[in-house]
Amino acid sequence: MVYIGIDVGGTGIKIGLVNEEGQLIHQGETPTLVGRPYQEIIADMGRCALKVLDEAKLTVGIGIPGIADAKTGNVIFCTNMGWKDVPLRSELQKYINKPVFIDNDATVAGFAESVAGVSKGTSSSVFLTLGTGVGGGIVIDGKVYS
């Protein structure tokens with residue numbers, strides 16, 4: 001199986017296509033250009049993702065720098081992008097007709113590290129992110145703690 005991850009930051013949107021072992025197969029990026037309507041930013045996410053997709057069976061994962069509702073796919077609040085109650089999943093699915101998983105960027109990065117990165121093989125870990133903002137992800141007994 002192949003997965004595509006979308007990292008939405010205050011300055012850039014980065015796309016990575018990875019295999020089951022977490023190895024990067026292809027990548028792309030586009031500037032976020034914060035301040036535009038969320039529909040335009042999400043459209044850029046979709047266009048950039050389509051550039052790196054192939055016909056493999058995949059799941060789209062998005063790390064958003066804020067609070068997201070994984071069940072509804074909505075961004076509840078995202079400070080550095082000025083988003084509140086944004087229907088990210090439904091907007092993105094206008095461009096990518098695939099399952100979309102959304103959560104906090106530091107949370108998903110911490111989970112990815114526990115599965116395929118530096119903390120692989122440990123049952124619990126803490127992961128810190130430093131970028132436009134500061135975040136963290138916690139994994140306890142192999143499960144994400146939110």
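The legends below walk through close-up views of a predicted model.

**View 1. The whole protein chain, with three helices and 11 strands.**
Following the chain from the N terminus, you will meet the elements in the order β-β-β-α-β-β-β-β-α-β-α-β-β-β. The radius of gyration is 14 Å, close to the 15 Å that the globule rule gives for 146 residues, so the protein chain is as compact as a globular protein of that length. Taken along the principal axes, the C-alpha atoms fill a box of roughly 40 × 35 × 25 Å. Of the 146 residues, 36% count as buried. The protein chain exposes about 8200 Å², and carbon and sulfur atoms supply 56% of that area. Contacts also reach along the sequence: among those between residues at least 6 apart, 47% join residues at least 24 apart.

**View 2. Thr32 in the loop between β3 and α1.**
Here we look at a loop residue, with β3 (24-31) on one side in sequence and α1 (38-52) on the other. Is Thr32 buried or exposed? Thr32 counts as buried, because its relative accessible area is 0%. Which residues does Thr32 touch, not counting those up to four places away in sequence? The neighbours are Gly9, Gly10, Thr11, Gly12, Ile13, Ile41 and Met81. Two of these partners deserve a closer look, since the side chain of Thr32 has a polar atom 2.7 Å from the backbone oxygen of Gly9 and a polar atom 3.0 Å from the backbone nitrogen of Gly12.

**View 3. A network of salt bridges that links Arg36, Glu40, Asp44 and Arg47.**
Start at Arg36, whose side chain meets that of Glu40 in a salt bridge at 3.9 Å, N to O. The side chain of Arg36 also meets that of Asp44, with an N to O distance of 2.7 Å. How accessible are these residues? Arg36 counts as partly exposed because its relative accessibility is 22%. Glu40 is likewise partly exposed, at 38% relative accessibility. Asp44, by contrast, is buried, with a relative accessible area of 14%; the cut-off for buried is under 20%. Arg47 belongs to the network too.

**View 4. A salt bridge between Lys94 and Glu91.**
The structure holds four salt bridges, and this view shows the one in which the side chains of Lys94 and Glu91 meet at 3.0 Å, N to O. Which of the words, buried or exposed, fits Lys94? Lys94 counts as exposed, because its relative accessibility is 59%. Its partner Glu91 is buried, with a relative accessible area of 11%. This pair therefore joins an exposed residue to a buried one.

**View 5. A nonpolar surface patch of about 530 Å².**
Which residues make the nonpolar patch? Val126, Leu128, Ile138, Ile140 and Tyr145 do. Two strands, β9 (125-130) and β10 (134-140), each supply at least two residues of the patch. Tyr145 has its place in another element, strand β11 (residues 143-145). Tyr145 counts as exposed, because its relative accessibility is 52% and the cut-off for exposed is over 50%.

Key. Residues are numbered from 1 along each chain as its sequence is written. This is a predicted model: local features need pLDDT of at least 70, side-chain atom pairs count only at pLDDT 80 or more; totals for chains, interfaces and linings use all residues. Side-chain values use heavy atoms; hydrogens and water are left out. Patches are made of residues with over 30% relative accessible area and no salt bridge: like charges are joined within 9 Å, nonpolar side chains (Val, Leu, Ile, Met, Phe, Trp, Tyr) within 5 Å. Accessible areas come from the Shrake-Rupley method with a 1.4 Å probe; for residues, only the protein chains shown count as cover. Helices (H or I, at least four residues) and strands (E, at least two) are DSSP runs, numbered from the N terminus. Buried means under 20% relative accessible area, exposed over 50%, partly exposed in between (1.4 Å probe, protein chains only). A polar contact is a pair of N or O atoms within 3.5 Å; within protein, one must be able to donate a hydrogen and the other to accept it, and residues adjacent in sequence count only if both atoms are side-chain atoms. Contact means heavy atoms within 4.5 Å. The radius of gyration is taken over C-alpha atoms; the globule rule is 2.2 Å times the number of residues to the power 0.38.
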